[in-house]
Amino acid sequence: MRRGGTYIDATVGLGGHSYEIAKRLGAPGHLIGLDKDPAALEMARAKLTGEDFPKVTLLQCSFSEVGERFSRNFADGLLADIGVSSLQLDDAARGFSFQAEGPLDMRMDPQSERTAEQVVNHLDERELADVIYEFGEERRSRRIARAIVRSRPIRSTVHLADVISAAARPMNSEQRRIHPATRTFQALRIFVNRELDDLRALLEAAPRILKPEGRVVVISFHSLEDRIVKDAFREAAKQGSMKLLTKKPLMATEEESDRNPRARSAKLRAAEKV
């Protein structure tokens, strides 16, 4: 990291990564934080103050907009921690988790139009099955979609989780390891927030907005995201615009996973602009 440089945290969340970047940047630097979620930005704003801290600019927007908002050779580094934040997961009113009663919302940006409730109750059975299969990699997608359609209207997270659990009972030890609703909830969240499209847009813009030797680091949490990052970095390396810094993704150690169980599935990839 270059002290005094310009860095973009494309997924501010609660400001944990931004805080560590800010400490290293120092007063001459500039940290720009992006997030769809205004509640997250307000909490991060309170955290990102300190002696010898850089200039901090926080913007409520999707990281898919970096190509439009920042000019060529603008940043020394770009970080994106993909997926749902702890703030969103732990707030039952946001509807991201099936472990607590809440509305079927799942929007990272509360102002966006499409909610999970609209998807669950208005998509036809085939479209719903396709969403669950494509974005959740759920093999039982057709059975789950059929059960959802028969149980409409579904208004709450717990009701949806119960419908899925009844339709997709675990048949083997691998399926018993995770809750039957996990993949479907993941699929709905990704679809509602256009997460994979946003990730592709970010990766496409990264080589242009980075300065020479600027680095992009992406942390992903499931195979769909990781595959997109891997393919984008490899393609950029093949074209000569980026150099791979991680041939294989970096994973959390056992000790790190014990401290933070959500880090268990995290995969970090990095590349440098040539």
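Leaving aside its neighbours within four places in sequence, which residues is leucine 160 in contact with? I take that up in the first point below; please keep in mind throughout that this is a predicted model.

1. Leucine 160. This residue lies in helix 8. Its contacts beyond four places in sequence are Leu104, Val120, Ile148, Ile154, Phe185 and Leu188. With a relative accessibility of 0%, leucine 160 counts as buried, because the cut-off for that class is under 20%. If you would like a distance to check in your viewer, try leucine 160 to arginine 194: their C-alpha atoms are 21 Å apart, and 34 residues separate them in sequence.

2. Helix 6 against helix 7. Helix 6 covers residues 125-136 and helix 7 covers residues 141-151; they pack with their axes 8 Å apart, at an angle of about 135°. The two helices are therefore oblique to each other, and their crossing is right-handed. From helix 6, the residues that take part are Glu125, Arg126, Leu128, Ala129, Asp130, Ile132 and Tyr133, and they meet Ser141, Arg142, Ile144, Ala145, Arg146, Ile148 and Val149 of helix 7. Sorted by class, the residues of this contact are eight nonpolar, five charged and one polar. Ile148, listed here on the helix 7 side, is also one of the residues in contact with leucine 160.

3. Helix 6 against helix 10. Helix 6 also packs with helix 10 (residues 182-193), at an angle of about 95° and with the axes 8 Å apart. These two are therefore roughly perpendicular to each other. On the helix 6 side you will find Leu128, Val131, Ile132, Phe135 and Gly136, which meet Arg183, Thr184, Gln186, Ala187, Leu188, Ile190 and Phe191 in helix 10. The classes here are eight nonpolar, three polar and one charged. Leu128 and Ile132 are worth a look, as they appear in the contact with helix 10 and also in the contact with helix 7.

4. Arginine 152. Following the chain onward, arginine 152 sits in the loop between helix 7 and helix 8 (157-167). Its relative accessible area is 26%, so arginine 152 is partly exposed. Not counting residues up to four places away in sequence, arginine 152 touches Val119, Val120, Asn121, His122, Leu123 and Leu128. Val120, one of these, is in contact with leucine 160 too. For a long distance across the model, take arginine 152 and threonine 57: the C-alpha atoms are separated by 44 Å, with the two positions 95 residues apart along the chain.

5. Threonine 115. Here is another loop residue, placed between helix 4 (86-90) and helix 5 (116-122). Threonine 115 has 13% relative accessibility and so counts as buried. Beyond four places in sequence, threonine 115 touches Leu104, Asp105, Arg107 and Val192. Leu104 is shared with the contacts of leucine 160.

6. Strand 4 and its partners. Strand 4 (residues 75-81) is mostly covered, with six of its seven residues buried. Strand 1 (residues 6-9) runs parallel to strand 4, and three bridges join them; within this pairing, leucine 78 is the bridge partner of isoleucine 8. Strand 4 is also joined to strand 5 (residues 210-220), again in parallel, by six bridges. There, glycine 77 has arginine 215 as its bridge partner. When you look at the side chains, recall that in a regular strand they alternate between the two faces of the sheet.

Definitions and conventions
Residues are numbered from 1 along each chain as its sequence is written. This is a predicted model: local features need pLDDT of at least 70, side-chain atom pairs count only at pLDDT 80 or more; totals for chains, interfaces and linings use all residues. Side-chain values use heavy atoms; hydrogens and water are left out. Helices (H or I, at least four residues) and strands (E, at least two) are DSSP runs, numbered from the N terminus. Buried means under 20% relative accessible area, exposed over 50%, partly exposed in between (1.4 Å probe, protein chains only). Contact means heavy atoms within 4.5 Å. Two strands pair if DSSP finds at least two bridges between them. Axes are lines fitted to C-alpha atoms, for helices over the stretch in contact, and angles run from 0 to 180 degrees between N-to-C directions. Angles under 35 degrees count as roughly parallel, over 145 as roughly antiparallel, 65 to 115 as roughly perpendicular and the rest as oblique. A crossing is left-handed if the near helix is turned anticlockwise from the far one by less than a right angle, and right-handed if clockwise. Ala, Val, Leu, Ile, Met, Phe, Trp, Tyr, Cys and Pro count as nonpolar, Asp, Glu, Lys and Arg as charged, and the others, Gly among them, as polar.
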